[in-house]
Amino acid sequence: MNGSRVIVKVPASTANLGPGFDVLGMALSLFAWIEMSAAKETSITMHGDQMKGVPADKTNLIYKVAQMVFEEAGVSVPELAISMYSDIPLTRGLGSSASAIVGALVAANALIGSPLSDDRLFQLATKLEGHPDNVGASLFGGIVVSSWDGERADHVRIEPHPSLETLVAVPSFQLSTEKARHALPKTVDLKDAVFNIGRSSLLVAALGAGKLDLISKAMRDRLHQPYRAALIPGMTTILEQAVEHGALGAALSGAGPTLISFVDSGSSRKQELERFLKDTLGQEGIEAETLWLKPYPHGAQWERIAEEDLTPLMSRIGREATV
């Protein structure tokens, strides 16, 4: 392993897709990159504005996750050189922590010859994240339907329809998953649970069969979004009216505050929808960045870098960003 260096490209993700709370996830065309190699002394470099405030010592999440992989595989690599760059906004509901966990798992595993299977990495990632939806999407790509009983996670991957596109509105404020989960009730009515089972089942079937016309009906939710709406002014209006402005459906992305709309890529109403999202949030005094993203069909991808190739991560990303 001396001189060995690997780089991982891992996609962002959106979770829940409306009714599929902690069950449904989809990879998106927004990425983080992690470079990792064995070293004589640990050095951790975080690049970009998204990484401000992230620890650059052995308390760093990527370092700690990598050590979990080495322990699981029965090898010792105590010192690492790690570089990371991410375009995924932190604590905005686009799977930033999941992408870091998956990227670290895949990089560390590749560094030591990939002794752990993808399934084993999925189990580790799910336990670390606490739910399988984001990590499953970042690891396997596409749309992932998953379940976890606290011991084992299982998943089925669905290939995204080629006409499916998303518009995300990323508010300028952060919202921790913990705070968003505290907004949820401890119990729900049976009728609401049944409602969500029906909607999430319909959504999975619609996505699998390419029935994009059913998405607007299938993305309705009673389990989490109504309780989180107070945390994101303008959210209720967007969820209720996005379809009237050209969306196939809309949802809170993960725990938020990002809002995501599904769109037919051939739609002539994209500008109208984008204006509606920005104006609705703007009326609440919220600045938001909008991004058009495609569902990403690939999960985390890695490559081994030749020992003589000393190209720094940030220079390499310029070449790899179109992979």
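Me: Before we start, what does it take for two strands to pair here?
Reply: Happy to set that out, and please keep in mind that this is a predicted model. Two strands count as paired if DSSP finds between them at least two bridges.

Me: Great, so which residue of β9 stands opposite threonine 166?
Reply: Strand β7 covers residues 164–171, and threonine 166 falls in that stretch. β7 pairs with β9 (residues 259–264) in the antiparallel sense, over six bridges. The residue of β9 opposite threonine 166 is phenylalanine 262.

Me: And which residue of β9 stands opposite alanine 251?
Reply: Alanine 251 sits in β8, which spans 249–252. β8 and β9 also pair in the antiparallel sense, over four bridges. Opposite alanine 251 stands isoleucine 260.

Me: Which residue in the hairpin of β8 and β9 takes a positive phi?
Reply: This hairpin has six residues between its strands. The phi in question is near 60°, and the residue that takes it is glycine 254.

Me: Are the residues that point either way from β8 buried or exposed?
Reply: Gly249 and Ala251 point one way from the strand, while Ala250 and Leu252 point the other way. The cut-off for burial is under 20% relative accessible area. On both sides of β8, these residues are all buried.

Me: Which are the edge strands of the open sheet?
Reply: Four strands make up this open sheet, in the order β8-β9-β7-β10, with antiparallel pairing. An edge strand here pairs on one side only. That leaves β8 (249–252) and β10 (288–293).

Me: By how much are neighbouring strands of this sheet turned against each other on average?
Reply: The sheet in question is the one ordered β8-β9-β7-β10. With direction ignored, the average turn between its neighbouring strands is 20°.

Me: Is the crossing of α3 and α4 left-handed or right-handed?
Reply: Helix α3 (residues 118–129) packs with helix α4 (residues 133–140) at an angle of about 150°, their axes 9 Å apart. The crossing of α3 and α4 is right-handed.

Me: How many nonpolar residues does the contact of α3 with α4 have?
Reply: Leu121 and Phe122 are among those that α3 brings to the contact, and α4 brings residues including Val135 and Leu139. Besides three polar and two charged residues, the nonpolar ones number six.

Me: Which helix gives the most to the largest nonpolar core?
Reply: That core has 66 residues, and those with the most contacts inside it include Met36 and Phe262. Methionine 36 touches, among others, Ala104, Ala107, Ala108 and Leu111. With 11 residues, the helix that gives the most is α2 (residues 96–111).

Methods:
Residues are numbered from 1 along each chain as its sequence is written. This is a predicted model: local features need pLDDT of at least 70, side-chain atom pairs count only at pLDDT 80 or more; totals for chains, interfaces and linings use all residues. Side-chain values use heavy atoms; hydrogens and water are left out. Helices (H or I, at least four residues) and strands (E, at least two) are DSSP runs, numbered from the N terminus. Axes are lines fitted to C-alpha atoms, for helices over the stretch in contact, and angles run from 0 to 180 degrees between N-to-C directions. Buried means under 20% relative accessible area, exposed over 50%, partly exposed in between (1.4 Å probe, protein chains only). A crossing is left-handed if the near helix is turned anticlockwise from the far one by less than a right angle, and right-handed if clockwise. Contact means heavy atoms within 4.5 Å. Ala, Val, Leu, Ile, Met, Phe, Trp, Tyr, Cys and Pro count as nonpolar, Asp, Glu, Lys and Arg as charged, and the others, Gly among them, as polar. A nonpolar core is a set of buried Ala, Val, Leu, Ile, Met, Phe, Trp, Tyr and Cys residues joined through side-chain atoms within 4.5 Å. Lists of a residue's contacts leave out its neighbours within four places in sequence.
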